[in-house]
Amino acid sequence: MTTTNDIKPWLFRVEPMEGESLSHFLGRVRQRNHISANALGQMAGIGAIIARWERFHLIPFPSDADLTALGEVVGVDGEKLRLMLPPQGEGMQFDPIRLCGACYGELPCHKIEWQFKSVWMCERHGLKLLSKCPKCGKKFKIPALWEFGECAAEGTRCDRCRLSFVDMKDNQKSS
Ligand SMILES: [Zn+2]
Ligand SMILES: [Zn+2]
């Protein structure tokens with residue numbers, strides 16, 4: 001593929017959601033535009049690091065220059081992308097992926113704060129976060145691989161037992 005720097009590839013824009021994690025946002029951008037993580041990295045001129053970011057492997061931490069370059073391709077300010085990552089000094093847990101089903105029912109996205117080491121419960125709902133499907137025990141996929149938009153008409157589900165993320169709230173313990 002040959003591209004010149006003054007031709008910007010055009011992507012369908014995807015609006016970020018409140019508190020959304022970078023992994024979930026990039027997954028939506030890629031699905032909407034039918035492109036791979038590597039293709040997106042190439043368009044932004046930042047190489048093959050998108051797939052690592054989608055797994056929350058953030059060492060070395062994404063630079064402002066990288067986020068600005070990616071932001072130009074996806075049509076979102078680099079600073080806004082930065083907010084989809086943990087703030088400086090906040091420990092990050094990339095495994096397991098965690099979920100508040102009650103939050104997901106209100107806004108269908110994976111929130112970055114669920115992966116903070118310091119966070120074990122959803123303060124909004126007073127519920128402990130789930131780290132696996134409460135019915136069958138399957139761990140959640142990385143958010144970039146969740147189901148989005150029209151694919152998620154019935155909501156994202158456990159990929160083994162098909163329990164919906166929204167219904168998982170009934171199994172969350174109050175803290
Ligand atoms: Zn919640
Ligand atoms: Zn399950």
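Is C133 buried or exposed? In this predicted model, C133 is buried, because its relative accessible area is just 1% and the cut-off for buried is under 20%.

## The zinc site

C133 is one of the protein donors of the zinc ion (ligand 2). The full set is C133, C136, C158 and C161, each giving its SG atom, and they lie 2.3 Å from the zinc. Along the chain, the donors follow the spacing C-x2-C-x21-C-x2-C.

What arrangement do the 4 donor atoms make around the zinc ion (ligand 2)? It's tetrahedral, because the angles they subtend run from 102 to 116 degrees. For reference, the ideal angle for four tetrahedral donors is 109.5 degrees.

Now back to how the donors sit in the protein. While C133 is buried at 1%, C136 is partly exposed, with a relative accessible area of 27%.

## Two domains

The domain assignment splits the protein chain into domain 1 (22-82) and domain 2 (101-171). Their C-alpha centres are 22 Å apart. On the contact itself, domain 1 puts in 8 residues and domain 2 puts in 11.

## What's at the interface

Put together, domain 1 and domain 2 bury about 880 Å², with 71% of that on carbon and sulfur atoms. On the domain 1 side, the residues losing the most area to domain 2 are H24, Q31 and F56, which together account for 62% of what that side buries.

As for polar links, the count is 1 residue pair in polar contact between domain 1 and domain 2, with both residues at pLDDT 80 or more. Salt bridges across this interface come to 0.

Key:
Residues are numbered from 1 along each chain as its sequence is written. Chains are lettered from A and ligands numbered from 1 in the order in which they are written. This is a predicted model: local features need pLDDT of at least 70, side-chain atom pairs count only at pLDDT 80 or more; totals for chains, interfaces and linings use all residues. Side-chain values use heavy atoms; hydrogens and water are left out. Donors are N, O and S atoms within 2.8 Å of the metal (3.2 Å for Na, K and Ca); water is not among the atoms, so sites may look incomplete. Four donors count as tetrahedral if all angles lie between 85 and 135 degrees; four count as square planar and six as octahedral if opposite donors are over 155 degrees apart and all others between 65 and 115; anything else is irregular. Buried means under 20% relative accessible area, exposed over 50%, partly exposed in between (1.4 Å probe, protein chains only). Domain bounds come from an automatic or database domain assignment. Contact means heavy atoms within 4.5 Å. Buried area is the accessible area (1.4 Å probe) that two parts lose on being put together, summed over both. A salt bridge is a side-chain nitrogen of Lys or Arg within 4 Å of a carboxyl oxygen of Asp or Glu. A polar contact is a pair of N or O atoms within 3.5 Å; within protein, one must be able to donate a hydrogen and the other to accept it, and residues adjacent in sequence count only if both atoms are side-chain atoms.
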